[in-house]
Amino acid sequence: MGKTIFSKIINREIPADIVYETESILAFRDINPQAPVHILIIPKIEIPSVKELSGKEHSKLLGDMIDAANEIARKENISQSGFRLVFNCGADAGQEVYHLHLHLLGGRKMNWPPG
Ligand code: AMP
C-alpha cells in the first residue's frame, strides 16, 4: 500500500495544524476548509477507506474517532450549535485521500441533501 499525504502528516514529514492526538488517532485542520471548523480525524494505522473496516479492533478505533470528534467539537465551541461528520468512501463519494478520515464540519448552517 502506497503512503498517502496523511501518513506523511502522521510521521511529521509535512506540516499540519494538529488539534488533537492520542496513541491511535490524529486530528488536524483541513487545508481547504468547507466550513469555519473543518477538521480531519484519522487513525494512525493505514486503512484506505470505510470499506476495509471490519472486526472488533476497527470498531474500537471508530468509537475512538467519534470520541475525538465530540471532544474537538466541544473545544471548537460547535457542540451545542451542531456539526456534521462525514466519511467519503470511494470515487462516487469524492474520496481523494485513501487513508481513512472522518470530516468534522461546523460553525455554519449546513444544507441537506449534500452535493
Ligand atoms: P476526501 O475528499 O474525503 O478524501 O477528503 C480529503 C481532504 O483532505 C480534503 O478535504 C482536502 O482538502 C484535505 N487535505 C488534502 N491534503 C491535505 C493536507 N496536506 N493537510 C490538510 N488537509 C488536506
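**Close-up views of the ligand site and backbone geometry**

**View 1. Backbone contacts to the ligand.** In this predicted model, a polar backbone atom of Gly94 lies 2.9 Å from an oxygen atom of the ligand. An oxygen atom of the ligand is likewise found 3.0 Å from a backbone N or O atom of Val97. At Ile31, a backbone N or O atom is 3.1 Å from a nitrogen atom of the ligand. The ligand taken alone exposes 500 Å², and the protein buries 86% of that area.

**View 2. The shell of residues around the ligand.** The ligand is surrounded by 16 residues. The closest of these are Asp30, Asn88, Glu96, His101 and His103. By class, the shell comprises seven nonpolar, six polar and three charged residues.

**View 3. The ligand in the largest pocket.** The ligand takes up the space of the largest pocket. Two elements, helix H1 (5–10) and strand S2 (25–29), give two or more residues to the shell around the ligand. The contribution of H1, three residues, is the most that any element gives to this shell.

**View 4. The lining of the largest pocket.** The volume of the largest pocket is about 900 Å³. Its lining consists of 33 residues, of which Asp30, Asn32, Gln34, His38 and His103 are the closest to the pocket centre. At least two lining residues come from each of H1, S2, strand S3 (37–43), strand S4 (83–86) and strand S5 (102–106). Sorted by class, the lining has 17 nonpolar, 10 polar and six charged residues. Asp30 and His103 are named both among the residues closest to the ligand and among those closest to the pocket centre.

**View 5. The peptide bond between Trp112 and Pro113.** Most peptide bonds are trans. The bond that joins Trp112 and Pro113, however, is cis, with an omega of about 5°. Pro113 belongs to the segment that follows S5, and S5 is also one of the strands that supply the lining of the largest pocket.

**View 6. Backbone conformation at Arg12.** A negative phi is found for most residues other than glycine. Arg12, which is not a glycine, has a positive phi of about 60°. Arg12 is located in the loop that runs between H1 and strand S1 (18–21). H1, at one end of this loop, is the helix that gives three residues to the shell around the ligand.

Conventions:
Residues numbered from 1 in each chain as written. Predicted model: local features only at pLDDT ≥ 70, side-chain atom pairs only at ≥ 80, totals over all residues. Heavy atoms only, no water. Near = heavy atom within 4 Å. Polar contact = N/O pair within 3.5 Å; in protein donor to acceptor, adjacent residues only side chain to side chain. Areas by Shrake-Rupley, 256 points an atom, 1.4 Å probe, with all protein chains shown as cover. 1 Å grid on protein atoms, 1.4 Å probe; cavity = no way out; pocket = protein on both sides within 12 Å on 5 of 7 lines; lining within 4 Å. Sits in = over half its atoms within 2 Å of the grid points. Helix = DSSP H or I, 4+ residues; strand = E, 2+ residues; numbered from the N terminus. Nonpolar A, V, L, I, M, F, W, Y, C, P; charged D, E, K, R; others polar. Points joined across faces, edges and corners; volume = space filled by probe spheres on them.
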